[in-house]
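Student: I would like to go through this model with you, one question at a time. Please give the reasoning before each result.

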Amino acid sequence: MANYWAIAIGINQYQLFQPLSCAQADAEALEDFLVTEAGFLPKHCLVMTDTSPPIGDRSTYPTKENILLLLEDLAATSWQQEDYLWLFFSGYGVNYKGKDYLMPAEGNPELVQETGIELRSLMQSLQLANLNVLLLLDINRAFGTQADAPVGEETIELAQELQLATILSCQPEQFSHESSELGHGFFTAALLEALRSGNGSNLADLESYLSLIVPKLCHHHWRPIQNPATIIPSRQQVILPKLAMESDFQPEPMIYPEESFAVALAAPPLDDYSKTSAVRKEVSVNSSQQVKGQKVQESGGSLVSQPMAETSLGVNTKGRFIPNSSKGYVSRLPANQPSIPFWKQFILWGGGSLLVAGLIAVVFLRNQETFRIKQISSTSPNATVSDRQVVENLPSDRTPPVRLNNQSSAQIASSSQSKKRNQAVLDLAKMSLRQTQASDLSMAIATARKIQSGEPLYEQAQENINIWSQMILDLAEGRAKQRQYASAIAAARLITKDEAPYAKAQAAINLWRLEGKQYVSNKTLLDAANALIKSEQASTYNRAIEVAKKVPSGQPGFDTAQKSINNWSEKILDLAKRRAAEGERNAAIATAALVPEETGAYEDAQDAIQKWQKK
């Protein structure tokens, strides 16, 4: 049975930032709710604040070292795969050179990289632990420091890439607010109210509730608007233990575009203006419904408005648009539509079918002549090198004509597979999705699955599903080769049990998870070795070499360690030669003797020692 864990960090008194008022209270209140009302075990919940008591002989004062050591110890000794973890942080955040950092109590705005906790590294380590993570970040931005740069853009991108459930207290360009009247930050106050009122049963409901409550608090307290940012992973997730024990619990499904696969094949992709307009219309409708304070329900094909109850914060808890239709939308067709004579239906259906078939044929033939797979830089400027290689390896749609008398059966089969793959890529483009994004491919698969057996284009949809799932695996493997293990695992996890590469993907995930842990561990060793080095001190290079030797052969990072070892041995020899040139032969000999065996400079160092000893 999965365990539920919580780490709540709240820092009021910073050493080098302006103090905060409510961060400590935020962390303590969340921990108290999880233990007393949500079913978390007290021994599985930890608070780290300015005044939190130690646990045994371990301090819980929220320094960088204490926070990272705690996470490492729990990962090594306590957490099991598929456990649940709530990680809450209330304090300052800084964006430095495009990277987001959480600032611990001793965080220095002038030494962000050295004193801050890099969110990329933190989130990747949590993803590799294979936990169900809920990351709650009530991040404040400081004035007059490097923290003036927007915080959160990288975190949002990472959460989407790694498929980690994450909620930020505000958008990157906004500020988080706290109130002595509430005794909490606005975000945490709304979060606690959502959980206590039962509106945090799943991430979608929690997102909807927070998006209503937090802006209302801003208006009420005369503060600039603050809108939380929520990233919901595609894998459904229970966030509270009590809900996990309810047998009838049904998580809210991920909603995909309602456009059918058949229509997507026949229609050209929407331009940016059309897509933006559609989104704006949808947002406008939902927003107007929410502002009016009424809930929309379906009743016999019509829309019925009902008043809603108020919560203790003065906001309706059920204010978001919740359709009752099983497809996730409300039908706008009248319930009692007049019947049309059969002969009219036959004429309309026949003429429409011929028209659609003609359009499909025209589009298909035209695209067969003009469609070329574009370079990855034009379709996705943020794609990785491995993604480009995958796309470049896709076959061209201009396949030479098949000549039965000159081609073997294997060549014919290969040509057929190329055509199918080209068609799958073409269909993907028609849905305005990208072949370099695993999430887009997963969405295309989900859309194709809506076509049932016996329906038109079913066989083609099944072919596309197989090709798209393999493309996801190709992307994941490319990222793994680039040592992007967390991103590779996140992509491979999108492949479901119903898809052909599932077994291979699961085996790859297990391998990458192991390699990822080894890579992080070995990178930590190399970082520690580099930290030992001091210029002009040969003994520090020698100690660094001894640390780097601990990286095991055959593991990720071993080649890098060997290069560093050889480079450092050359540095020692260079120092020895410099001292010999200055007439300090004894010092030169002692320095050269520090070059370890089995390093690139060892033989040269021994030759130099013999030469200097003869003089």
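Student: Are Tyr 4 and Tyr 84 buried or exposed?

Tutor: The model is predicted. A residue counts as buried when its relative accessible area is under 20%. For Tyr 4 and Tyr 84 alike, the class is buried.

Student: The rings of Phe 40 and Trp 86 have their centres 5.9 Å apart; of what type is the pair?

Tutor: Ring centres within 6.5 Å make a pair, and planes over 60 degrees apart count as edge-to-face. The planes of Phe 40 and Trp 86 are at 80°, so the pair is edge-to-face.

Student: How many residues apart are Phe 40 and Trp 86?

Tutor: Phe 40 sits in the loop between helix H1 (23–36) and S2, while Trp 86 belongs to strand S3. The pair therefore links distant parts of the chain, and the separation is 46 residues.

Student: What is the relative accessibility of Trp 86, and what is that of Phe 40?

Tutor: The cut-off for buried is under 20% relative accessible area. Trp 86 counts as buried at 3%. Phe 40 is buried too, with a relative accessible area of 2%.

Student: How many aromatic pairs are counted, and which residues do ring pairs link into a cluster with Tyr 4?

Tutor: With ring centres required to lie within 6.5 Å, the count comes to seven aromatic pairs. Ring pairs link Tyr 4 into a cluster with Phe 40, Tyr 84 and Trp 86.

Student: What span should helix H2 have, and how far apart are its end C-alpha atoms?

Tutor: Helix H2 covers residues 64–77, which is 14 residues. At 1.5 Å a residue it should span 20 Å. The expected span agrees with the distance between its end C-alpha atoms, 20 Å.

Student: Within what arc do the buried residues of H2 fall?

Tutor: The buried residues of H2 are Asn 66, Ile 67, Leu 70, Leu 71 and Leu 74. Seen down the helix axis, they line one face, because they fall within an arc of 130°.

Student: Which residues of H2 are exposed on the other side?

Tutor: Exposed means over 50% relative accessible area. On the side of H2 away from the buried residues, those in this class are Glu 65, Glu 72, Ala 76 and Thr 77.

Student: Which elements do the buried residues of H2 pack against?

Tutor: Contact here requires heavy atoms within 4.5 Å. The strands packed against are S1 (4–10), S2 (45–48) and S5 (117–118), and the helix is H4 (119–128).

How values were computed
Residues numbered from 1 in each chain as written. Predicted model: local features only at pLDDT ≥ 70, side-chain atom pairs only at ≥ 80, totals over all residues. Heavy atoms only, no water. Helix = DSSP H or I, 4+ residues; strand = E, 2+ residues; numbered from the N terminus. Expected span 1.5 Å × (residues − 1). Buried < 20%, exposed > 50% of the residue type's maximum accessible area, 1.4 Å probe, protein only. Arc of directions from axis to C-beta. Phe/Tyr/Trp six-rings, centres within 6.5 Å; stacked < 30°, edge-to-face > 60°.
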